[in-house]
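Welcome! Here is a short tour of some helix contacts and charged pairs, written to be read with the model open beside you.

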Amino acid sequence: MTNEIRNNFAAFLLSIAAWALITACGRSSMTSGEAVFLFDEALYPAIERQRREFCTLYTDAKIVLTSGGPQELFRRWLSCESPALLLTRRLDSNETRLAEETGKLFKVQKVALDGLSVIVHHRKKVQSVTVDQLRRICIGDIKFWRDWIADDNVTPDTSAIILYREQDSSGNSQYLRSIGITFGDSARQMIFSGDHNRPASAKIMEGVASRENAIGLISTAWLSDNPDYLTYYGLIRALDAGGDDYSGAVEPIPGYLYRGDYPLRRMIYLYVWQDKTDPAAGFASFLCGNEGQKLFLEYNLAPVINPVRLRFK
């Protein structure tokens, strides 16, 4: 048994024990009252579904979802606005130092794998993208569709590529920078931020659905049974993605995320202050338990704690 398998199995056993404690307590501080839960906005469909399920099971609990970029969320977590913080990256060394300097204990748990999807208008004939091609599009090296899609049998598509993406402070943009993909001034871009009415990813899907020359960058969590995706289903497509070595491109689905075949993937981390026992802490335990892990899978993410059956097609 490898160390990774041992660690995942140990985390799974701990999650079962934690969730058993919550459920055995019935109406407790972890299942009643109101609490804030901080999370990366990119994961909104999956976390909103998890919240509904948790609050259905525990009708005395109210979870207030609060989203934003990683730095903003970390500051709010550090000020104890919520005991729980869900990020699409690890805390960096400075953030870890600041958390440790509080003198309070916290724990971190890997809960799921997420992917970054490249979506296009349904009329575009492109089927896949490599990491290098995406890098060149984002920097502005590939400006026109004819430079991306070459087909001697059709008239070259001379229209300009328009990149729909989130603001620089978002988790999605920070992830791309972490793998060496930056955004150049020469690229044609539309930049979105979320608000109280709609997350940025929902706006990006709407934009790509209505503009044939656009491509968009969203989490694989949005390629699931949520109102926004269902609205634009049939108008947008998620591309297969392959590595820079031009290995076979694969779909952005849980099996390929877990196995590592899909190259644009990242781990989701859950941080929890250990001295807190409000409903946000209970919700964090729910995410690590059997039901929470299965719900991640339903929302096109790959659970990493619970050994569930993954799909490849």
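What follows looks at two helix pairs, one glutamine and a few salt bridges. Please keep in mind that this is a predicted model.

**Helix α4 and its partner α3**

Let's begin at the start of helix α4, which covers residues 93–101. Its N-terminal end is capped by aspartate 92, with a side-chain oxygen placed 3.1 Å from the backbone nitrogen of asparagine 94. After the helix comes glycine 103, which has a positive phi, near 85°.

Helix α4 packs against helix α3 (residues 70–78), with an angle of about 10° between them and their axes 11 Å apart. Angles under 35 degrees count as roughly parallel, and α3 and α4 are therefore roughly parallel to each other. On the α3 side, the contact is made by Gln71, Phe74, Trp77 and Leu78, and these meet Glu95, Leu98 and Ala99 of α4. By type, the residues of this contact between α3 and α4 are 5 nonpolar, 1 polar and 1 charged.

**Helices α11 and α12**

The second pair is helix α11 (residues 279–288) and helix α12 (residues 290–298), which pack at about 65° with axes 4 Å apart. That angle makes α11 roughly perpendicular to α12. From α11, the residues Phe286, Leu287 and Cys288 take part, meeting Asn290, Glu291, Gly292, Gln293, Leu295 and Phe296 from α12. The contact of α11 with α12 divides into 5 nonpolar, 3 polar and 1 charged residues.

**A glutamine to look for**

Is glutamine 50 buried or exposed? Glutamine 50 has a relative accessible area of 0% and is buried. Its place in the fold is helix α2, residues 44–57. Leaving out residues up to four places away in sequence, glutamine 50 touches Phe283, Phe286, Leu287, Gly292, Leu295 and Phe296. Several of these names will be familiar: Phe286 and Leu287 also belong to the α11 side of the contact with α12, while Gly292, Leu295 and Phe296 belong to the α12 side.

**Salt bridges**

How many salt bridges does the structure hold? There are 18 of them, and the table lists some examples.

| Salt bridge | Closest N and O atoms |
|---|---|
| Arginine 135 with aspartate 132 | 3.5 Å |
| Glutamate 206 with arginine 198 | 2.7 Å |
| Arginine 198 with aspartate 228 | 2.8 Å |

Take the pair of arginine 135 and aspartate 132 to begin with. These residues are 3 apart in helix α5 (residues 131–139), which means that about one helical turn separates them. An α-helix has 3.6 residues a turn, so residues three or four places apart point the same way. Arginine 135 is partly exposed, at 23% relative accessible area, and aspartate 132 is partly exposed with a value of 23%.

Arginine 198 appears in two rows of the table, with glutamate 206 as one partner and aspartate 228 as another. Glutamate 206 is partly exposed, with 35% relative accessibility. Arginine 198 is also partly exposed, with a relative accessible area of 23%. Where do arginine 198 and aspartate 228 lie? Arginine 198 is in the loop between β7 (188–192) and α8 (200–210), and aspartate 228 is in helix α9 (residues 227–232), so their salt bridge ties together parts that are 30 residues apart in sequence.

One more group is worth a look: Glu48, Arg51 and Arg52 are joined into one network by salt bridges that share partners.

Note on methods:
Residues numbered from 1 in each chain as written. Predicted model: local features only at pLDDT ≥ 70, side-chain atom pairs only at ≥ 80, totals over all residues. Heavy atoms only, no water. Polar contact = N/O pair within 3.5 Å; in protein donor to acceptor, adjacent residues only side chain to side chain. Helix = DSSP H or I, 4+ residues; strand = E, 2+ residues; numbered from the N terminus. Axes fitted to C-alpha atoms, helices over the stretch in contact; angles between N-to-C directions. Parallel < 35°, antiparallel > 145°, perpendicular 65-115°, else oblique. Contact = heavy atoms within 4.5 Å. Nonpolar A, V, L, I, M, F, W, Y, C, P; charged D, E, K, R; others polar. Salt bridge = Lys/Arg side-chain N within 4 Å of Asp/Glu carboxyl O. Buried < 20%, exposed > 50% of the residue type's maximum accessible area, 1.4 Å probe, protein only.
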